[in-house]
Amino acid sequence: MQFFRIEQDMRLSDLAGIVGQSNLDTTLAVNSMQRMPNVYQSYQNMKASYIHADTPDVSFERKQSLLNGVTSDAEIFEYVALQNEYSWKLFDAAGTLDGYLRVPDTFTIPTSTRVIGGTSGAIDKKKYTDSMQCLKSNRNVSPEIFNEYAPVSASKIINGAANYGTLYQNFKIPFGAVSLYSSLDGRMVDFPVYPREISDGVKANYDTMPDMLYQYEPWQIYKSSGPRQCILTFDMHRDMWTGDHRDGLCNQLIRFCEAACYPRYNGAAVITTDSILYINGQSFVRGIITDVSPKWDTDSPLGLDGWYLHVSLSITFTEVSAEPLNYDKILGKGLIG
């Protein structure tokens with residue numbers, strides 16, 4: 001992941017010179033910007049479309065989730081952690097840093113003073129832990145956490161858990177790429193993996209015209225379409241979050257999914273949750289969760305807390321579309337969604 005600083009006098013030709021002509025449209029798209037000669041003005045328009053006067057502050061839970069998505073790069077992690085509230089809003093809504101453009105993951109650009117990310121390696125475990133604790137206690141991260149760097153040997157074991165930095169250097173953990181949102185409390189929880197298996201499908205429902213004489217086959221009368229049903233299966237290991245399976249984060253994710261199958265009661269009112277699964281920032285499916293089935297692998301080793309380490313989590317969605325669907329809408333949908 002990389003970001004490069006945008007200048008006030010940047011033109012479209014300047015941007016093409018940085019990312020290459022063939023990557024120009026991709027860069028504009030990943031930053032949700034319109035193609036216009038004045039790139040900086042297009043960037044300002046993008047920010048204004050995402051951030052308004054009434055845009056709420058980013059909760060500390062969401063900040064923790066966003067930080068989990070940049071743990072593979074210490075430089076970006078530090079920059080994100082020390083943002084002001086406006087920058088947090090922009091990073092949450094648009095996925096970019098204030099004053100910077102995001103470089104698509106399909107290519108990289110040479111490092112310079114204008115570029116953040118791409119060379120620093122994963123965040124140190126202690127800095128990660130201190131940042132999360134500070135964020136939870138104070139709702140922001142203290143700059144003092146990053147004043148001193150003390151590298152930890154890759155072979156060192158901390159409290160029985162593997163070194164966090166080594167974990168994220170050796171394995172690509174896609175935090176922030178796959179997230180589940182609940183409308184009941186506005187929370188979003190990240191998965192440490194992409195779905196291992198996706199079963200997706202739509203259907204059309206027809207009735208037959210009764211009592212038709214002398215017909216070779218019955219007349220089919222359209223009744224309805226859908227609902228779309230989607231079953232996703234995630235294979236997870238409890239060490240994937242912090243390297244220590246005793247952190248309870250795998251359990252929190254499973255309980256968050258299971259809670260979506262239950263309503264919240266407010267007097268006589270029964271309030272159910274709308275859930276949205278995001279993949280790479282795009283809504284893959286929106287609707288109700290009708291089944292959550294964790295399957296613990298009893299052949300996997302037991303952890304230090306006496307419970308199995310590997311789980312296969314299956315989640316079933318029934319789509320509740322946010323807009324009317326028809327032939328043309330479905331025909332124009334992208335690959336994800």
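This briefing describes the nonpolar cores, a surface patch and one loop residue of the structure above. The model is a predicted one. Its largest nonpolar core has 29 residues, and a second, separate core has 24 residues, while a nonpolar patch of about 270 Å² lies on the surface.

**Nonpolar cores**

- Within the largest core, the residues with the most contacts inside it are Phe-191, Met-236, Leu-277 and Phe-317.
- At least two residues of this core come from each of β6 (178-182), β11 (229-237), α9 (249-259), β14 (275-279), β15 (282-296) and β16 (310-319), and the largest share, five residues, is supplied by α9.
- Not counting residues up to four places away in sequence, Met-236 touches Phe-191, Pro-192, Val-193, Trp-241, Leu-253, Leu-309, His-310, Val-311 and Leu-313.
- The second core, which is separate from the one just described, includes Phe-77, Trp-88, Phe-91 and Leu-135.

**Surface patch**

- Met-209, Trp-219 and Ile-221 make the nonpolar surface patch of about 270 Å².
- Ile-221 belongs to strand β10, which covers residues 220-225, and Ile-221 counts as partly exposed because its relative accessibility is 37%, a value between the limits of 20% and 50%.

**A loop residue**

- Asn-280 is found in the loop between β14 and β15, and Asn-280 is partly exposed, with a relative accessible area of 46%.
- Leaving aside neighbours within four places in sequence, Asn-280 is in contact with Ala-177 and Tyr-194.
- Asn-280 and Pro-218 are separated by 62 residues in sequence and, from C-alpha to C-alpha, by 45 Å in space.

Methods
Residues numbered from 1 in each chain as written. Predicted model: local features only at pLDDT ≥ 70, side-chain atom pairs only at ≥ 80, totals over all residues. Heavy atoms only, no water. Core = buried A, V, L, I, M, F, W, Y, C linked by side-chain atoms within 4.5 Å. Buried < 20%, exposed > 50% of the residue type's maximum accessible area, 1.4 Å probe, protein only. Helix = DSSP H or I, 4+ residues; strand = E, 2+ residues; numbered from the N terminus. Contact = heavy atoms within 4.5 Å. Patch = residues over 30% accessible without salt bridge, like charges linked within 9 Å, V, L, I, M, F, W, Y side chains within 5 Å. Areas by Shrake-Rupley, 256 points an atom, 1.4 Å probe, with all protein chains shown as cover. Salt bridge = Lys/Arg side-chain N within 4 Å of Asp/Glu carboxyl O.
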